[in-house]
Structure formats: structure tokens, C-alpha cells
Amino acid sequence: MVANVTITQPTAETFLTGFPAGTNKPLASDLNAKSGVTRANLAVLRLGEDGAVKVFNNSGAAHVIVDVFGYYQGDVRQAAGLVVLDSTSRAAISSVDATH
């Protein structure tokens, strides 16, 4: 899915990592923040088998907001950190609203 990940009111310098539920946390961050500073970043997050995402906060406490913009649909392949979309499939990114 494509989402805007925001951290607000972090109590310590930290980073957030979004990853598929039911898998191991990767060694990369999606967002870095300093104590007391609100930050946002656009991220592409893979969903777990149950359709869920986990967000790991490295240190301290914080409020985390994940605003979903859309998702990939159709034939999506990933190799060496590169996401490739098959242009012959249906829409690559579809909008998400409260009914879907």
C-alpha cells in the first residue's frame, strides 16, 4: 500500500519501520525523527498475509498516524529493492475510501 506515515510527540530520537504483519522486521527505517518533532514521510508498505501492517518504533513513546493513499493491484514483482509493475494489468494504484 502507499501511505503517509507521520510521527508526532516522540519522547526520544527514534525511527519508524513499517513491515508486513507476521514477518520479521527489516533493517531499514521509513521515517526518522528527533525528540518532540513531528515528521511525515510517504512510504510503500507491503501487507502481511492477513492484510495488516506493523509499525516498529525504535525508542521512546510517540503517536503514529498512517494515512493510506492507495494500493498496488495486479502483477507486482519485487527484486533487489525495486518494485516493478506490469503495465498490462489493471490500475497499478487505486484510491482507497471508507467503503473498501
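Reader: I'm looking at strand β1 and strand β4. In what sense do they pair, and over how many bridges?
Author: This is a predicted model, so everything here is computed from it. β1 pairs with strand β4, which covers residues 39-44. The sense is antiparallel, and the count is six bridges.

Reader: Which residue in β4 is the bridge partner of N4?
Author: N4 belongs to β1, where it points the same way as V2, T6 and T8. Across in β4, its bridge partner is L42.

Reader: A40 lies in β4 too. How far apart are A40 and N4 in space?
Author: Along the sequence, 36 residues separate A40 from N4. In space, going from C-alpha to C-alpha, the gap is 6.6 Å.

Reader: Is A40 buried or exposed, or in between?
Author: Buried needs a relative accessible area under 20%, and exposed needs one over 50%. A40 comes out at 43%. That value falls between the two cut-offs, so A40 counts as partly exposed.

Reader: Back to β1. How many bridges are there between β1 and strand β6?
Author: Strand β6 runs over residues 63-72 and pairs with β1 in the antiparallel sense. One place to spot this is I7, which stands opposite V64 in β6. The total between β1 and β6 is seven bridges.

Reader: How many of the seven residues of β1 are buried?
Author: In a regular strand the side chains alternate between the two faces of the sheet. Here V2, N4, T6 and T8 point one way, while A3, V5 and I7 point the other way. Both groups are buried. That makes the number of buried residues in β1 seven of seven.

Reader: What share of the 100 residues in the protein is buried?
Author: The protein has zero helices and nine strands. β1 is mostly covered. Over the protein, though, the share of buried residues is 23%.

Reader: What is odd about the phi of Q9, which lies in the loop between β1 and β2?
Author: Most residues other than glycine have a negative phi. Q9 isn't a glycine. It is exposed, with 51% relative accessibility. The odd thing is that its phi is positive, at about 55°.

Reader: Which strand gives the most to the lining of the largest cavity?
Author: There is one cavity of 30 Å³ or more, and its volume is about 30 Å³. The lining is made by V5, L16, T17, G18, D30, L45 and V55. With three residues, the top contributor is the strand at residues 14-20, β2.

Reader: By class, how many residues in that lining are charged?
Author: Four residues of the lining are nonpolar and two are polar. D30 is in the list, and Asp counts as charged. The number of charged residues is one.

Reader: What kind of pair do the rings of F15 and F56 make?
Author: This is the one aromatic pair in the count. The ring centres are 6.3 Å apart and the planes meet at 55°. Planes under 30 degrees apart would be stacked and over 60 edge-to-face, so this pair is tilted.

Reader: How many residues apart are F15 and F56?
Author: F15 sits in strand β2 and F56 in strand β5, residues 53-57. F15 is partly exposed at 27%, and F56 is partly exposed at 28%. The pair links distant parts of the chain, with a separation of 41 residues.

Reader: Which residue lies over the face of F56?
Author: Look for a charge above the ring of F56, at 4.6 Å from the ring centre. The residue there is K25.

Conventions:
Residues are numbered from 1 along each chain as its sequence is written. This is a predicted model: local features need pLDDT of at least 70, side-chain atom pairs count only at pLDDT 80 or more; totals for chains, interfaces and linings use all residues. Side-chain values use heavy atoms; hydrogens and water are left out. On a 1 Å grid over the protein atoms alone, a cavity is a set of points where a 1.4 Å probe fits but cannot get out, and a pocket is an open set with protein on both sides within 12 Å along at least five of seven lines; lining residues have an atom within 4 Å of a point. Grid points are joined across faces, edges and corners, and a volume is the space filled by probe spheres set on the points. Helices (H or I, at least four residues) and strands (E, at least two) are DSSP runs, numbered from the N terminus. Buried means under 20% relative accessible area, exposed over 50%, partly exposed in between (1.4 Å probe, protein chains only). Two strands pair if DSSP finds at least two bridges between them. Rings of Phe, Tyr and Trp (its six-membered ring) pair if their centres lie within 6.5 Å; planes under 30 degrees apart count as stacked, over 60 as edge-to-face and the rest as tilted. A charge sits over a ring if NZ of Lys or CZ of Arg is within 6 Å of the ring centre and within 35 degrees of the ring normal.
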